[in-house]
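Below are some notes for a colleague who has the predicted model open. They take one strand and its surroundings to begin with, and then turn to backbone geometry in the loops.

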Amino acid sequence: MIECIFTIDYEIYGNGEGSLRELVYEPAEKLADIFIKNRSKFVAFIEVAELEMIEAKGTDPAIDLVKQQIKKFYRNGFELGLHLHPQWYNARYEQGNWLLDHREYNLCSLPRERIDQVVQRSIDYFRNVLNDPDFIPISFRAGNWLFQPTKEAADVLAEKGIKIDSSVFKGGLQRNHGLDYRAARKNGYYWRFQDDVTSHDPKGRLIELPTYSIMVPSWKMVTPKRVGMAHKKPSSSLRCLEKFKRYLDFLRFWYPLKLDFCRMTLSELTKMMDNVIREDQENPTLFRPIVAIGHTKDLADYETVDAFLGYLGEKGITVSIFEDIDQRCKC
């Protein structure tokens, strides 16, 4: 019982660089065409704080195109999830550059009152874009995957009506931001949680559906496709200590390889899914929702996405959205 959920983070670069047309609108439009051709849908995790501030400051004329696209996705049944980089809300735009408030980089580290303000503001903007005062996104993904410390943010999201989080990737580690998802490796394909996103809590109000990942030797992360994409991104502005900690994150033999349909080749994608299919054949009664991830800013190889969808169809694997499987995730 395998179902694949494609998720796409709908955003420009993390430092505020890049145009909405090139990094968001055009790649998302091409991706939607591929999914419609394959009679499938994806989950678009909309970075609403970024869009609200870009609109408020009038820094990118493509914002109207983006808003129209989001409404079109909504009408066509694509799922719209909430994605948040809270450092945007106190951002300043000076001399053609965004100065983001990195004191608010991690939503979960903020006071509960501030978390509530940020989440409500983002939902209000979502509703304004969609012209739907009752809209509530069913799913959430934290900016830079940061969903620790968990409790306060989980409480706020649940109170707002959000049911599913997809911030975790098993084995994840970011020393600069206190992210440690290594304990999640003991969990199944999904689990309920409350105080700690890596710990199963049968009484938890939220369900975690992590981005599917496997642990691989770290050298396998250095592929031509990944290296080529890294050269296209803006240079990092990390301080020396931050760079050292980031280096330590990579300095381990086993590293989490996410099911990333932008960064992986077709061979890598199908090989990972072949392993899931073998596990399913051994125990076909277990529900296996497999979450794939991508970013509009990383989309370039559309042929691989199309071919991967074709492969899933040949294997009889349904492509779903979170709304389709919510009731089947019994924890």
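1. Strand E2 is covered on both faces, with Val43, Phe45 and Glu47 buried on one side and Ala44 and Ile46 buried on the other. In a regular strand the side chains alternate between the two faces of the sheet. Five of the five residues of E2, which spans residues 43-47, are buried, so this strand is largely enclosed by the rest of the structure.

2. Strand E1 (residues 2-10) runs parallel to E2 and is joined to it by four bridges. The route from E1 to E2 passes through helix H1 (residues 20-37), and the resulting β-α-β crossover is right-handed. Within this pairing, isoleucine 8 has alanine 44 of E2 as its bridge partner.

3. E2 also pairs with strand E3 (residues 79-84), again in parallel, through five bridges, and here isoleucine 46 stands opposite leucine 82 of E3.

4. Most residues other than glycine have a negative phi, and most peptide bonds are trans. Glutamine 95, in the loop between strand E4 (92-94) and strand E5 (97-99), has a positive phi of about 50° although it is not a glycine, and its relative accessible area of 82% makes it exposed.

5. The loop between E6 and H5 holds tryptophan 145, which has a positive phi of about 65° without being a glycine; at 16% relative accessibility tryptophan 145 counts as buried, because the cut-off for that term is under 20%.

6. Proline 149 lies in the loop between strand E6 (139-142) and helix H5 (151-160), and the peptide bond leading to it from glutamine 148 is cis, with omega near -5°.

Note on methods
Residues are numbered from 1 along each chain as its sequence is written. This is a predicted model: local features need pLDDT of at least 70, side-chain atom pairs count only at pLDDT 80 or more; totals for chains, interfaces and linings use all residues. Side-chain values use heavy atoms; hydrogens and water are left out. Buried means under 20% relative accessible area, exposed over 50%, partly exposed in between (1.4 Å probe, protein chains only). Helices (H or I, at least four residues) and strands (E, at least two) are DSSP runs, numbered from the N terminus. Two strands pair if DSSP finds at least two bridges between them. A crossover is right-handed if, with the strands pointing away from the viewer, the path from the first strand over the helix to the second runs clockwise.
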